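Student: Please take a close look at one loop of this model and set it in the context of the whole chain. I should like a connected account of which residues it holds, how they are placed and what surrounds them.

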Amino acid sequence: MNIPDRLLNEHYGDRYFDVVDALEEAKRIHIGNARVVERVNGAPLTGGKKIFRVGETGFGAGRLLVALMGSLDAGGVRGAVIDYHTVELHPITAERMGLILYAFRDRAGHYIDRLIEAYSRVDAATPGLHGAAIAGDFGVINLRLYIGEALSMVESLGSPCAAWFLDGHAPKKNPDIWRAELLSAIGKKTERGGTATTFTVAGHVRRGLEAAGFAVEKVPGCGGKKEAVLGTMLNAHP
Ligand SMILES: C[S@@+](CC[C@H](N)C(=O)[O-])C[C@H]1O[C@@H](n2cnc3c(N)ncnc32)[C@H](O)[C@@H]1O
């Protein structure tokens, strides 16, 4: 396949995503398989808000966040506070983000604009934790973007997440982001009954998730990926 230059992450020789199905893929593999919209809707009210914590390995161009905003609105979510903890080792510019997401403008233009507006307020060239809020009909997403290595971000989390989106390039192109040490740390930062979803069904990734405390199952994929993975945390973490 001929990969447009803008989609290639030069640090890994791998695409950020498949441009044809990428929004749909995010909605099915990460949001649908983990029933994120239903879980946000069912979250207990804290101070009148539905608080839900998401973790992501590999912020990239923010496509999963764009897909999440669309799914929350389509699912009729209101009054949600989504704490979205994500990490990026090689941040891109806001201009490049716009080019990468351009293919989805017809379907998700206003979400892309909100994401880029928030990302433009972040000094992504500076390592460490950055924050920006993105408001929508669904409520608010508190973007907590950690510029640095994934393990540092995971270990810095004060509270466990309800849903993890593992999206850090193909294991053969980027074995580091699938290493057992990182998956184990993610397991410890997942609440009981919380989920981890990913597009890869590689055996060592599934075994790493099991060793981290997740019950792992193969679930429907999307487009060229017939199967994906859903892990559900069996252990309780404070
Ligand atoms: C497949 S892309 C992410 C796509 C993104 N979720 C999206 O929807 O636009 C994977 C991202 O993980 C980042 N990454 C790879 N290894 C990393 C690591 N060890 N720590 C933090 N980020 C990493 C890459 O630079 C890349 O931007």
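Tutor: Helices and strands are here DSSP runs, of at least four residues for a helix and at least two for a strand, numbered from the N terminus. With the elements named in this way, Arg35 falls in the loop between α1 (22-32) and α2 (36-41). The loop examined below is the one between β8 (161-166) and α7 (180-188), and Arg35 will serve as a reference point for it. The model is a predicted one.

The overall setting comes first. The protein contains eight helices and 11 strands. Its radius of gyration is 16 Å, close to the 18 Å that the globule rule gives for 238 residues, and the protein is therefore as compact as a globular protein of that length. Along the principal axes, the C-alpha atoms occupy a box of roughly 45 × 40 × 35 Å. Of the 238 residues, 55% are buried. Contacts across long stretches of sequence are a feature of this chain: of those between residues at least 6 apart, 70% connect residues at least 24 apart. The exposed area is about 10400 Å², of which carbon and sulfur atoms supply 52%. As for charge, the mean position of the 28 positive charges lies 4 Å from that of the 27 negative ones.

Within the loop between β8 and α7, His169 is a suitable starting point. Its relative accessible area is 12%, and since buried means under 20%, His169 is buried. The backbone of His169 has a positive phi of about 75°, although the residue is not a glycine. Most residues other than glycine have a negative phi. Arg35 likewise has a positive phi, near 55°, and is not a glycine. The setting of Arg35 is another matter, because its relative accessibility of 47% places it among the partly exposed residues.

What does Asn9 contact, leaving aside its neighbours within four places in sequence? The partners are Asp14, Tyr16 and His169, so that the loop meets a residue of strand β1 (residues 8-9) through His169. Asn9 counts as buried because its relative accessibility is 2%.

Another contact surface is provided by Thr57, in strand β4 (residues 49-57). Thr57 is buried because its relative accessibility is 2%. Apart from residues up to four places away in sequence, Thr57 touches Trp164, Phe165, Leu166, Asp167, Gly168, Ile177 and Ile186, among others. Val87 and Ala150 are included in that set of contacts. In space, the C-alpha atom of Thr57 lies 7.5 Å from that of Glu88, at a sequence separation of 31 residues.

Further along the loop stands Trp178, which takes part in an aromatic pair. The structure holds four such pairs. The ring centres of Trp178 and Phe199 are 6.0 Å apart and the planes stand at 80°; as an angle over 60 degrees counts as edge-to-face, the pair is edge-to-face. Because Phe199 belongs to the loop between β9 (190-198) and α8 (203-211), the pair ties together parts that are 21 residues apart in sequence. Trp178 and Phe199 are buried.

Helix α6 (residues 150-156) contributes Leu151 to this account. Leaving aside neighbours within four places, Leu151 is in contact with Arg179, Glu181, Leu182 and Ala185. Leu151 counts as buried because its relative accessibility is 10%. By contrast with these contacts, Gly13 is 138 residues from Leu151 in sequence and 22 Å away, C-alpha to C-alpha.

Finally, Leu89 offers a comparison from another loop, the one between β5 (80-88) and α4 (94-101). At 42% relative accessibility, Leu89 counts as partly exposed. Beyond its neighbours within four places in sequence, Leu89 contacts Tyr12, Gly148 and Glu149. The C-alpha atoms of Leu89 and Ile147 are 5.8 Å apart, although 58 residues separate them along the chain.

To draw the view together, the loop between β8 and α7 holds the buried His169, with its positive phi, and the buried Trp178, which pairs with Phe199. Asn9 of β1 is in contact with His169, while Thr57 of β4 touches Asp167, Gly168 and Ile177, among others. Leu151 of α6 is in contact with residues including Arg179.

How values were computed. Residues numbered from 1 in each chain as written. Predicted model: local features only at pLDDT ≥ 70, side-chain atom pairs only at ≥ 80, totals over all residues. Heavy atoms only, no water. Rg over C-alpha atoms; globule rule 2.2 N^0.38 Å. Buried < 20%, exposed > 50% of the residue type's maximum accessible area, 1.4 Å probe, protein only. Contact = heavy atoms within 4.5 Å. Areas by Shrake-Rupley, 256 points an atom, 1.4 Å probe, with all protein chains shown as cover. Lys, Arg positive; Asp, Glu negative; His and termini not counted. Charge placed at Lys NZ, Arg CZ, Asp CG, Glu CD. Phe/Tyr/Trp six-rings, centres within 6.5 Å; stacked < 30°, edge-to-face > 60°.
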